Amino acid sequence: QVQLVESGGNLVQAGGSLRLSCAASGRIFRLNIMRWYRQAPEKQRELVAAISRDGIIDYANSVKGRFTISRDNAKNRVFLQMNSLKPEDTAVYYCSGEVASDVGGTWNDYWGPGTQVIVSS
């Protein structure tokens with residue numbers, strides 16, 4: 001089994017910064033694309049940022065220039081540095097990862113339970 005656990009969520013004032021971390025553990029042969037999603041109250045979950053194993057990155061337009069995704073392949077971790085936070089960034093942030101548990105195995109998506117970010121105005 002594979003587990004993803006997010007950390008770093010907090011209450012912060014507008015203009016402030018937070019760094020989210022996501023640690024993947026368990027039966028992991030290879031960790032492929034890692035993604036951060038968020039879901040605000042009464043809104044659909046949206047993709048915030050994604051990073052491939054080789055470092056190819058994509059961001060939602062709403063966070064470009066403010067958020068930075070990175071990863072540590074040796075430690076199976078992904079990070080989200082969030083700067084210049086706005087009240088509209090308030091959401092539960094989820095980490096997901098594409099995992100192969102064996103050589104030649106299929107890829108499966110795993111999700112963490114989420115971490116709450118609240119940005120006050």
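Buried means under 20% relative accessible area, exposed means over 50%, and partly exposed is anything in between, using a 1.4 Å probe and protein chains only. Keep that scale at hand for these exercises.

This is a predicted model, in which local features need pLDDT of at least 70, side-chain atom pairs count only at pLDDT 80 or more, and totals for chains, interfaces and linings use all residues. Residues are numbered from 1 along each chain as its sequence is written, and side-chain values use heavy atoms, with hydrogens and water left out.

**Exercise 1. Find the aromatic pair and describe its two residues.**

Step 1: Rings of Phe, Tyr and Trp (its six-membered ring) pair if their centres lie within 6.5 Å; planes under 30 degrees apart count as stacked, over 60 as edge-to-face and the rest as tilted. A search of the whole structure gives one such pair.

Step 2: The rings belong to Y37 and W111; their centres are 4.8 Å apart and their planes stand at 45°, so the pair is tilted.

Step 3: Now place the partners. Y37 is in strand β4 and W111 in strand β10 (residues 107–111), so the pair links distant parts of the chain, 74 residues apart. Strands here are DSSP runs (E, at least two residues), numbered from the N terminus.

Step 4: Use the opening scale. W111 has 38% relative accessibility, so W111 is partly exposed; Y37, at 18%, counts as buried.

**Exercise 2. Which strands pair with β3?**

Step 1: Two strands pair if DSSP finds at least two bridges between them.

Step 2: Strand β1 (residues 2–7) runs antiparallel to β3 (residues 18–26), and six bridges join them. As an example, Q3 has S25 in β3 as its bridge partner.

Step 3: Strand β8 (residues 77–82) also pairs with β3 in the antiparallel sense, over six bridges. Here L18 is matched with M82 in β8.

**Exercise 3. Is R38 buried or exposed, and which side chains does R38 reach by polar contacts?**

Step 1: R38 belongs to strand β4 (residues 30–39). With 5% relative accessibility, R38 counts as buried.

Step 2: A polar contact is a pair of N or O atoms within 3.5 Å; within protein, one must be able to donate a hydrogen and the other to accept it, and residues adjacent in sequence count only if both atoms are side-chain atoms.

Step 3: The R38 side chain makes one such contact with the side chain of E46, at 2.6 Å, and another with the side chain of D89, at 2.9 Å.

**Exercise 4. Which rings have R19 and R45 over them?**

Step 1: A charge sits over a ring if NZ of Lys or CZ of Arg is within 6 Å of the ring centre and within 35 degrees of the ring normal.

Step 2: The charged end of R19 is over the ring of F79, 4.1 Å from its centre. R45 lies over the face of Y94, 3.9 Å from the ring centre.

**Exercise 5. Describe the setting of S84.**

Step 1: Look in the loop between β8 and β9, where S84 lies. The relative accessible area of S84 is 42%, so S84 is partly exposed.

Step 2: Check the backbone. Phi of S84 is near 50°, a positive value in a residue other than glycine.

Step 3: Look for a partner far along the chain. G15 is 69 residues away in sequence, yet the C-alpha atoms of S84 and G15 are separated by 4.2 Å.

Methods
Helix = DSSP H or I, 4+ residues; strand = E, 2+ residues; numbered from the N terminus.
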